Amino acid sequence: MSIRAPPRLLELAGQSLLRDQGLAVSAMEELPRVLYLPLFMEAFSRRHFEALTVMVQAWPFTRLPLGSLMKTLHLETLKALLEGLHMVLTQKDRPRRWKLQVLDLRDVDENFWAVRPGAWALSCSPEATSMRQTAEDCPRMGEHQPLKVFIDICLKEIPQDECLRYLFRWVYQRRGLVHLCCSKLVNYLTPIKYLRKSLKIIHLDSIQELEIRNMSWPRLIRKLRCYLKEMKNLRKLVFSRCHHYTSDNDLEGRLVAKFGSVFLRLEHLQSLKIKLVTFFSGHLEQLIRCLQNPLENLELTCGYLLEEDVKCLSQYPSLGYLKHLNLSYVPLFRLSLERLGALLEKVAATLETLILEGCQIHYSQLSAILPGLSCCSQLTTFYFGRNFMSVDALKDLLHHTSGLSKLSLETYPAPDESLNSLVRVDWEIFTPLRAELMRTLREVRQPRRIFIGPTPCPSCGSSPSEVLELHLCC
């Protein structure tokens, strides 16, 4: 039977302070730094709002990573802290000990709170001090620099998140004193006005990742282009399930040209993902040629591309250093794939992920991409399921992967010979054919994680994943 160690003096002192909030409030200015973090955590967990309001006014560190402590924002706690910050920000002479420059509401930097409530004595040890480097002072940028508030925002429905609305209102009322910074912004809302209201409050050059879903392309381009142009540090741009309702090709061309002009400002863009690419059919070149920075990730999925779109992929330097290329569920069966093969040759030294799943590629087109594919020495992931391949075509494909020593996850379709009249797998035919394909593959290299057949598997329901070894359903 273990005996619980008696409370240490620091613990008793902190507990005594929190039992008497009046005493705690009066003691904050002289509170030793060794007590500050554990006492704040204790006040936070017990929701001593008055103590929190006062503690934040004398915060002796440059950062307060609240998000890692409060995984989900709590309105009353947030109000208490922001009330304390307001009192400091509006003072001409700020408290002597106050050094706060950044309030971080993202779920990051857990090491800052390395000491657990109830184990306060650890906070003064050299080990704990070295582990909490984020808590150390750094040179101040000025007595009245704006306070930076960092938060990742996800707008899922007509805003009912009281914490987010309260924060927006608090920041808006203190323009100039507070900068709201958002490294990642995701919007699921169809009404564009809520997104625009958010963009009017956020410092646009702080946005590094922007994801927009469920929105009309023409409306998006007309209403958001002016904001996108100011996101000068944007690195990742995602448009998912964005639709359009116009058949006017000239109008589409003009809108794409306007959208492309945005890219002239985005010097740090590295990842572009567009799901439902129909709007850009025939206009992809207008978009690609405006890219200022080499892309690492290009995803054009679940839509249609024309011959001229595929042709332009290999022509522009901005696509010469791709690490990830995803064209899943873009039907390519009517197109000549020589240009795609040329692109693979161009990015062979950098490409790590290639996803051509569900592209309806026929074995007659395969020869156009095999030379390029066989050169992709850095490839780790290759999805080629849901295409139309004969056994001989699949064997040829597997032979061309002999030099891909880093390939760790790969998927291939069931050969045409194993499909019945309903285009479903006949497992009696498929099982020996799969064994034959595996023997062919093992003659040239040893696979790691491989999936041959329909996905997800109708027999066991499994799908390709990083933990799957082999797909061997009977």
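This briefing describes how the strands of two sheets are ordered and paired, and where a helix packs. The model is predicted. One open sheet has four strands in the order 1-2-3-5, while another open sheet is formed by 11 strands in the order 4-6-7-8-9-10-11-12-13-14-15. The pairing is parallel in the four-stranded sheet, and the pairing is likewise parallel in the sheet of 11 strands.

**The four-stranded sheet**

- The edges of this sheet are strand 1, covering residues 63–64, and strand 5, covering residues 178–181, each of which pairs on one side only.
- Strand 3, made up of residues 147–150, runs parallel to strand 5 and is joined to it by four bridges.
- Within the pairing of these strands, phenylalanine 150 stands opposite cysteine 181, which belongs to strand 5.
- Helix 7, spanning residues 162–172, packs on the sheet and touches both strand 3 and strand 5, and the direction of helix 7 makes an angle of about 140° with that of strand 5.

**The sheet of 11 strands**

- In this sheet the edge positions belong to strand 4 (153–155) and strand 15 (449–452), each pairing on one side only.
- Neighbouring strands of this sheet are turned against each other by 5° on average, when direction is ignored.
- Strand 8, comprising residues 236–240, and strand 9, comprising residues 271–275, run parallel and are joined by four bridges.
- Valine 238 has lysine 273, a residue of strand 9, as its bridge partner.

Terms used:
Residues numbered from 1 in each chain as written. Predicted model: local features only at pLDDT ≥ 70, side-chain atom pairs only at ≥ 80, totals over all residues. Heavy atoms only, no water. Pairing = 2+ DSSP bridges. Helix = DSSP H or I, 4+ residues; strand = E, 2+ residues; numbered from the N terminus. Contact = heavy atoms within 4.5 Å. Axes fitted to C-alpha atoms, helices over the stretch in contact; angles between N-to-C directions.
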